[in-house]
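Please open the model in your viewer and keep the sequence panel beside it, since each stop below asks you to select something and then look at what surrounds it.

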Amino acid sequence: MQYLSVEQAQASVLQHVQPCGKESIALHDSLGRALAEDVYANRNHPPYDLSAMDGYAIRFEDLAPADGQSISLQVVDDIRAGTMPQRRVLQGKCARIMTGAPIPAGADTVIRVEDTEADGEQISITVPPARGANIRPLGENLRNGEVVLTAGTTITPGVLAILSMVKKRELAVFARPTVAILSTGDELEGINDPIDENKIPDANSHALYAQCKALGIEATLLGIAHDNPIELRAKLAAGVKYDLLLASGGVSVGHHDFVRPTLDALGITMHFWRVAMRPGHPLAFGTTEHGNAVFGLPGNPVASMVCFEQFVAPALRSMMGHPARFHRTIIARLTHDLKDRVGRTHFVRVMLKRDATGYLATSTGAQGSGIVMSMAIAQGLMRIPEASDGLSSGDPVTVQLLSGMEFQDHAELAA
Ligand code: AMP
Ligand code: MG
């Protein structure tokens, strides 16, 4: 089987995962989900031209006196938000108007209180407005019958505001996938087991659980499987019933690495099992006959987490109907020289700072794929392209942010 580049492997994953079905949920539960229906406006908003300011509704033509006299208008009405004006504004007259109140017939412009001087019920204009100033036109937000949001839109607080305005108390969104997590290895010790000094605490189950949770998914932990084909087969068979299974460890070419042959034996179609990247070189991906996705992630915790960011997060975002699938990248400047080997995309854990010119990226230090602290202190993954043999201090670099809910359409692997 082939040895894929990171880009090829990402494309293969996105090509093979299937979107989840739709479900109906309450408005307040919809934040962060992807809309599964087009949403139409069921009213005009605003329903009439209204004032954007506290001031006076005037006839613009009244501001050009024939004989060069100073302009003075008589206030004949007082219009508050929530009341409909009863009187037309006639020549030489105006109406006091509050923000959000409907513009009365006859008036075409609002002048701000601050730009006038009042003397009883007469006002004079100190700063003339432009024609049509300070009016929010009918339908500026919503036009009755028009599509205001399309399926696939990610629901942010701003989108949720629009949904509330069209009274979407219930709406259709793409469902979240069910996800199972399995750690494999005879050396592993579960979090509830007593400490055995000769064992290795299972970090991957919990790191992967948290990475799913950061995407809004509550994953199921299947525990630890020994490096034993029979036990592994039973646990993997349970795992592939989920929309997506994450099995970590045992995907390499070691004598006791049974994950790939067991997935083969379970009838999983493997699309690739090696990617030209560091960390994370052994990485298997396949799909079941029902279209469920299976990842065999490397056992080293850093490699497992980096692979999640590059392949699993985009797969899950895609299944949940989001067009923006990759964690956001920024351009930073490297604060030091960095040697590298040609041939694999390298994901270097970095800490980020800012100065007046932008972001600065600094390596977290030793980059071994077992050094979990490098992930604990990193804010980003700096991507060094396959062809690079190193970088110099000051070079621009692409850094993928590790936290936050900002996503983009493209992986953007290099600066
Ligand atoms: P493997 O991919 O099974 O060859 O494992 C590579 C390395 O990662 C070994 O040192 C394992 O002990 C370690 N490892 C595997 N699974 C886990 C896990 N769930 N948590 C922490 N370390 C692990
Ligand atoms: Mg192992």
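The tour below begins at the ligand, goes on to some backbone details, and ends with a few single residues. Bear in mind throughout that this is a predicted model.

**Stop one: the ligand and its shell**

Select ligand 1 and display the residues around it, of which there are 14, with E187, D202, A203, G250 and G299 coming nearest. The space that ligand 1 takes up is the largest pocket, and when the shell is sorted by class it has five nonpolar, seven polar and two charged residues. If you colour the strands, you will find that β13 (179-184) and β15 (200-201) each supply at least two residues of this shell.

Which atoms of the protein should you look for next to the ligand? Begin with E187, where a polar side-chain atom lies 2.5 Å from an oxygen atom of ligand 1. Then turn to G250, where the partner belongs to the backbone, an N or O atom that lies 2.8 Å from an oxygen atom of ligand 1. At A203 a polar backbone atom is again involved, and here a nitrogen atom of ligand 1 is 3.0 Å away from it. Switching to a surface view puts these contacts in context, for ligand 1 taken alone exposes 480 Å², and the protein buries 76% of that.

**Stop two: two cis peptide bonds**

Before selecting the next residues, recall that most residues other than glycine have a negative phi, and that most peptide bonds are trans. Now select H45 and P46, and look along the peptide bond that runs from one to the other, which is cis, with omega near -5°. P46 has its place in the loop between β2 (39-40) and β3 (50-51).

Move next to R278 and P279, which are also joined by a cis peptide bond, with omega at about -5°. Here the loop to display is the one between β19 (277-278) and β20 (282-287), in which P279 lies.

**Stop three: two residues with positive phi**

Select N134, which is not a glycine and yet has a positive phi of about 60°. To find N134 by eye, follow the chain into the loop between β9 (122-125) and β10 (135-136). Is N134 buried, exposed or partly exposed? N134 counts as partly exposed because its relative accessibility is 23%, and the class runs from 20% to 50%.

Continue to K167, another residue that is not a glycine but has a positive phi, in this case of about 65°. K167 lies in the loop that leads from α2 (157-165) to β12 (170-174).

**Stop four: D196 and its loop**

Select D196, which is found in the loop between β14 (188-189) and β15, the latter being one of the strands that supply residues to the shell around ligand 1. With the side chain shown, a polar atom of D196 can be seen 2.9 Å from the backbone nitrogen of N198. At 35% relative accessibility, D196 counts as partly exposed. For a sense of scale, draw a distance from D196 to A9: the two are 187 residues apart in sequence, and their C-alpha atoms are 38 Å apart in space.

**Stop five: a buried strand residue**

Select I58, whose place is in strand β4 (residues 55-58). Is I58 buried or exposed? I58 is buried, since its relative accessible area is 0%, and anything under 20% falls in that class. Add I97 to the selection, and you will find the C-alpha atoms of I58 and I97 9.9 Å apart in space, with the two positions 39 residues apart in sequence numbering.

**Stop six: the segment after β30**

Finish with the segment after β30 (407-408), in which H410 lies. H410 counts as exposed, because its relative accessibility is 53%. Drawing a C-alpha to C-alpha distance from H410 to H327 gives 9.1 Å, although the two are 83 residues apart in sequence.

E412 has its place in the segment after β30 as well, and E412 is partly exposed, with a relative accessible area of 44%. As the last selection, add E7, which is 405 residues from E412 in sequence but 9.3 Å from E412 in space, C-alpha to C-alpha.

Conventions
Residues are numbered from 1 along each chain as its sequence is written. Chains are lettered from A and ligands numbered from 1 in the order in which they are written. This is a predicted model: local features need pLDDT of at least 70, side-chain atom pairs count only at pLDDT 80 or more; totals for chains, interfaces and linings use all residues. Side-chain values use heavy atoms; hydrogens and water are left out. A residue is near a molecule or strand if one of its heavy atoms lies within 4 Å of it. A polar contact is a pair of N or O atoms within 3.5 Å; within protein, one must be able to donate a hydrogen and the other to accept it, and residues adjacent in sequence count only if both atoms are side-chain atoms. Accessible areas come from the Shrake-Rupley method with a 1.4 Å probe; for residues, only the protein chains shown count as cover. On a 1 Å grid over the protein atoms alone, a cavity is a set of points where a 1.4 Å probe fits but cannot get out, and a pocket is an open set with protein on both sides within 12 Å along at least five of seven lines; lining residues have an atom within 4 Å of a point. A molecule sits in a cavity or pocket if more than half of its atoms lie within 2 Å of its grid points. Helices (H or I, at least four residues) and strands (E, at least two) are DSSP runs, numbered from the N terminus. Ala, Val, Leu, Ile, Met, Phe, Trp, Tyr, Cys and Pro count as nonpolar, Asp, Glu, Lys and Arg as charged, and the others, Gly among them, as polar. Buried means under 20% relative accessible area, exposed over 50%, partly exposed in between (1.4 Å probe, protein chains only).
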